[in-house]
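Visitor: Please take me closely through the packing in the interior of this protein, and then through the sheet around it. I would like a single connected account, with the criteria stated as they arise.

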Amino acid sequence: MPRELVYTGFMSLDGVVDSPGGKEEGHRGGGWVMDTEFVPEAYSLKSDELAEHTALLFGRRSYEVFAPYWRESDDHIAYKELPKYVLSTALDETDLLDGWGPTTILRSTEDVAKLKESEGGAIFIHGSAELARRLADADLIDRYNLLVFPVLLGAGKGLFSRSDRDKQQLRLRDSATYSNGVAKLVYDVVH
């Protein structure tokens, strides 16, 4: 049975996933998650996911942003020893961060497809919008775990491709709404 590949992230109502944590990530409206009232239960999806994580997959840019921060973060200690994969044609072994557990560089979408066929549980993609679009276009994403925020950003990286492709049906697995306007949407991709 293939491993499940899960995209998880924060998204604006207009589909932008760019720079939720701060302007330094690239988007002029960066930090939009912090502008929403903090309601702990709205983030329960993120803690619930921890039990499912058996590996992490990043694009190069997201790896370079997350790895240094998450390596030192007590909130992300559970990720330290998980196997990590980075899809990149530019990185080499000397670019990988020491002290953050095992990390493997993958070179192609085909390498991700082979990883999905290996033994183990769910592989989670955090951030990495361009990677997610590429893998979705190759029909490799199995589930979307989304927290949708009540903000319209108008510009930025979107999660979903605008390329002309066949319709893809999703099945709602779980949903909830919270007092701060955030909506949890968990969709399985119907293959």
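Guide: A good starting point is Leu5, which, once its neighbours within four places in sequence are set aside, is in contact with Leu57, Val112, Lys116, Ile123, Ile125, Leu135, Leu140, Ile141, Asp142 and Arg143, contact being taken as heavy atoms within 4.5 Å. The model is a predicted one, in which local features need pLDDT of at least 70 and side-chain atom pairs count only at pLDDT 80 or more, while totals for chains, interfaces and linings use all residues. Residues are numbered from 1 along each chain as its sequence is written, and side-chain values use heavy atoms, with hydrogens and water left out.

Leu5 is also, together with Tyr7, Leu57 and Leu135, one of the residues with the most contacts inside the largest nonpolar core, which has 25 residues. Such a core is a set of buried Ala, Val, Leu, Ile, Met, Phe, Trp, Tyr and Cys residues joined through side-chain atoms within 4.5 Å, where buried means under 20% relative accessible area, exposed over 50% and partly exposed in between, with a 1.4 Å probe and protein chains only. At least two residues of this core come from each of β1 (5-12), β2 (55-59), β3 (84-87), α3 (109-116), β5 (123-126), α4 (129-137) and β6 (143-149); these helices (H or I, at least four residues) and strands (E, at least two) are DSSP runs, numbered from the N terminus. The greatest contribution is that of α4, with 5 residues. Apart from this core lies another, of 15 residues, which includes Leu56, Leu82, Val86 and Leu96.

Turning to the sheet, 8 strands form an open arrangement in the order β4-β3-β2-β5-β1-β6-β8-β7, with mixed pairing; two strands count as paired if DSSP finds at least two bridges between them. Because β4 (103-106) and β7 (170-177) stand at the edges with a single partner strand each, one side of each is left without a neighbour in the sheet. On average, neighbouring strands are turned by 20 degrees against each other, direction ignored; axes here are lines fitted to C-alpha atoms, for helices over the stretch in contact, and angles run from 0 to 180 degrees between N-to-C directions.

Within this sheet β3 repays attention, since its Lys84 and Val86 point one way and its Tyr85 and Leu87 the other way, and all are buried. On one hand, β3 pairs with β4 in the parallel sense over 4 bridges, with Lys84 having Thr103 as its bridge partner and Tyr85 standing opposite Thr104. β3 also pairs in the parallel sense with β2, over 4 bridges, and Gly59 stands opposite Leu87 there. The chain passes from β2 through α2 to β3 in a β-α-β crossover that is right-handed, meaning that, with the strands pointing away from the viewer, the path from the first strand over the helix to the second runs clockwise.

Helix α2 (residues 60-72) itself lies across β2, β3, β4 and β5, and runs at about 125 degrees to β2. In the loop between α2 and β3 sits His76, which is buried, with a relative accessible area of 17%, and which, neighbours within four places in sequence aside, is in contact with Tyr69 and Trp70.
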